[in-house]
Every structure is written in C-alpha cells, then in structure tokens.
Amino acid sequence: MALSTKKLAFAVGGVMALTVFSAQAALVFRNTITGEVLDLNEAIEEGRDTPAVKEFLETGTNPYIERSECLPIGHELFLSACSGCHGHLGEGKVGPGLNDAYWTYPKNATNVGLFETMFGGAQGQMGPMYGALTLDEMLLVQAWIRHIYTGSIEDAEWLSDEQKKTFTPYKPPASEDADVHAAALAAAEKSCKRNGSS
Ligand code: HEC
C-alpha cells in the first residue's frame with residue numbers, strides 16, 4: 001500500500017529539516033584529532049547564513065581575509081575567546097603560537113583546516129568553539145589570525161599568489177587607550193557589512 005499522505009508529509013518534512021542547513025556545506029569538515037565529520041548543526045543559530053559563511057562552506061574561501069575593515073572585530077573576538085591561552089598577538093602562551101608558519105597540525109595552514117580546529121577543538125585545553133563563537137565569528141577570528149602572521153610570506157601557504165602580493169599585517173590602533181579601541185571597533189561594526197550589501 002502507498003504511504004498515507006500524513007506519513008509522506010512527515011517523511012518529506014523530516015528530510016527537508018535535515019537538509020536545510022547542511023545542504024549549504026558543499027565541503028566536508030572533519031575533527032582535527034578524530035577525523036570524524038563535524039556536525040555543523042551544532043553551530044550557534046545566529047551567524048549561520050551570512051554571505052561569508054555561505055561562501056566559506058561552499059568553497060573553503062574566507063572572504064573576510066580580503067576585508068580589512070572587518071579585522072578589528074576579529075581582533076576583539078580573539079581577545080575575548082583565544083588570547084588568554086594563545087597570547088594577545090597569537091605569540092603563544094599555554095597554547096602554541098598562531099602567528100608563524102609552524103603548525104602542530106599541518107592542516108591549520110589551510111583555512112578549512114584552521115576552521116575545523118576552531119569548530120571542533122584539538123587536544124587538552126583546546127576545546128571546541130562551536131558553543132562560544134558563531135560560524136561568522138569564527139571566520140572573522142580566522143581572518144585576523146591570518147593577519148598577525150610574522151613569518152616569511154613565501155611560507156604562508158594559506159595565502160593565494162595574489163594575496164601574497166598585497167598582504168599587509170593588521171595594525172592595531174596606535175593607542176592602548178580603551179576608548180580608542182572601542183572607537184575602532186565601533187567603526188568596524190559599521191563598515192563591515194556582515195549581512196550582505198558590502
Ligand atoms: C583554555 C585555553 C585555550 C583557549 C581559550 C584556546 N586555545 Fe587554542 N589551543 C590551546 C592548547 C593547549 C592547544 C594545543 C592543543 C593540541 O596541540 O592539540 C591549542 C591549539 C590550537 C590550535 C592548533 C595550533 C597548531 O599549531 O596546529 C589552533 C589553531 C588554536 N588552538 C586556535 C584557537 C583559537 C582560534 C581560539 C579562540 C577561538 C583558541 N585556540 C582558544 C589552548 C586554548
């Protein structure tokens with residue numbers, strides 16, 4: 001016998017609910033330690049469908065790396081979520097340095113790999129970040145990490161040849177003054193169009 005309409009509607013609805021979000025991810029993302037496929041449905045609801053997130057999940061390209069107006073937001077997020085263990089400029093502390101070309105996990109030299117480590121964590125104190133940062137915020141932090149790099153441009157595998165030619169490291173506001181930082185952040189929040197129409 002054919003399925004009742006009700007059952008069919010339920011089945012179709014279920015499949016749709018499952019694919020609504022994951023369908024956007026053309027790439028497969030894997031846990032840095034276990035290699036298990038990461039469940040992007042665990043991501044915080046907000047910030048899942050910005051143009052940058054859509055592009056990244058589709059292609060592995062993080063458009064914020066090219067958008068210097070957004071970097072102060074990534075900087076701020078890094079200060080609250082990462083610098084306690086990795087140092088203010090990613091110079092390393094409890095956690096390893098993030099500002100050179102040496103990676104414990106070589107895949108962190110790719111933007112997909114670095115995203116996977118942020119989302120799913122690594123060992124010990126490096127816990128998964130999917131509950132602390134939205135997907136959009138992870139991309140902003142990643143863009144900032146790519147701009148605190150102090151090594152030779154030649155070794156920066158994560159930059160395309162075009163990006164290597166134009167790479168300029170992030171310059172934090174000249175003053176340590178909290179008001180100056182707040183102003184830089186406010187300006188970035190305004191000019192960095194995270195929800196499109198940039
Ligand atoms: C509570 C401390 C702590 C916090 C907070 C933390 N980390 Fe880590 N992180 C570590 C430790 C310890 C390791 C080394 C783990 C390992 O080798 O598996 C690590 C490893 C890493 C690595 C791998 C580096 C490599 O050489 O391959 C990356 C990338 C990383 N962290 C990024 C981040 C980012 C980005 C944030 C903020 C969103 C963050 N971490 C927050 C402690 C922390």
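## Close-up views of a helical protein

**View 1. Helix α3 meets helix α6.** Leu71, Ile73, Gly74, His75, Leu77 and Phe78 in α3 come into contact with Glu137, Leu140, Val141, Ala143, Trp144 and His147 in α6. Sort the residues of this contact by class and you get eight nonpolar, three polar and one charged. Keep in mind that what you're looking at is a predicted model. The axes of α3 and α6 lie 8 Å apart, and the angle between the two helices is about 100°. Angles from 65 to 115 degrees count as roughly perpendicular, so that is how α3 and α6 sit relative to each other.

**View 2. The whole protein, for orientation.** Let's step back for a moment. The protein has eight helices and zero strands, so reading from the N terminus its elements simply go α-α-α-α-α-α-α-α. Of its 198 residues, 28% are buried. Now take the contacts with a sequence separation of 6 or more: 64% of them are between residues 24 or more positions apart.

**View 3. The buried side of helix α3.** Which residues of α3 are buried? They are Leu71, Pro72, Ile73, Gly74, His75, Glu76 and Phe78. And what covers them? The cover includes α4, α6 and α8. You've already met α6 in the first view, where Leu71 and Phe78 are among the α3 residues that touch it.

**View 4. Helix α3 crosses helix α8.** Here α3 (residues 71-81) packs with α8 (residues 178-191), their axes 8 Å apart and at an angle of about 125°. The two helices are therefore oblique to each other. As for handedness, the crossing of α3 and α8 is left-handed. On the α3 side, the residues in contact are Pro72, Ile73 and Glu76, and they meet Ala184, Leu185, Ala188 and Glu189 of α8. By class, this contact has five nonpolar residues, no polar ones and two charged ones. Ile73 appears in this contact and also in the contact with α6.

**View 5. Zooming in on alanine 184.** This residue belongs to helix α8. Is alanine 184 buried or partly exposed? Count the other C-beta atoms within 10 Å and you find 19 for alanine 184. Buried would take 20 or more, so alanine 184 is partly exposed. Leaving out residues up to four places away in sequence, alanine 184 touches Pro72 and Pro173. Proline 173 is eleven residues from alanine 184 in sequence, and their C-alpha atoms are 7.2 Å apart in space.

**View 6. Helix α2 against helix α6.** Helix α6 (residues 135-147) has another partner to look at: α2 (residues 51-59), whose axis comes within 9 Å of the α6 axis and crosses it at roughly 80°. That makes α2 roughly perpendicular to α6. The α2 residues Ala52, Val53 and Phe56 meet Leu135, Asp136 and Leu139 in α6. This contact is made of five nonpolar residues, no polar ones and one charged one.

**View 7. Around the ligand.** How many residues surround the ligand? There are 24, and the closest are Cys82, Cys85, Gly95, Ala122 and Gln123. The elements that give two or more residues to this shell are α4 (83-86) and α5 (111-120). Sorted by class, the shell has 15 nonpolar residues, nine polar ones and no charged ones.

Methods: Residues are numbered from 1 along each chain as its sequence is written. This is a predicted model: local features need pLDDT of at least 70, side-chain atom pairs count only at pLDDT 80 or more; totals for chains, interfaces and linings use all residues. A residue is near a molecule or strand if its C-beta atom, placed from the backbone, lies within 6 Å of it. Helices (H or I, at least four residues) and strands (E, at least two) are DSSP runs, numbered from the N terminus. Ala, Val, Leu, Ile, Met, Phe, Trp, Tyr, Cys and Pro count as nonpolar, Asp, Glu, Lys and Arg as charged, and the others, Gly among them, as polar. Axes are lines fitted to C-alpha atoms, for helices over the stretch in contact, and angles run from 0 to 180 degrees between N-to-C directions. Angles under 35 degrees count as roughly parallel, over 145 as roughly antiparallel, 65 to 115 as roughly perpendicular and the rest as oblique. A crossing is left-handed if the near helix is turned anticlockwise from the far one by less than a right angle, and right-handed if clockwise. Two residues are in contact if their C-beta atoms, placed from the backbone, lie within 7 Å. A residue is buried if 20 or more other C-beta atoms lie within 10 Å of its own, exposed if 12 or fewer, and partly exposed in between; C-beta atoms are placed from the backbone.
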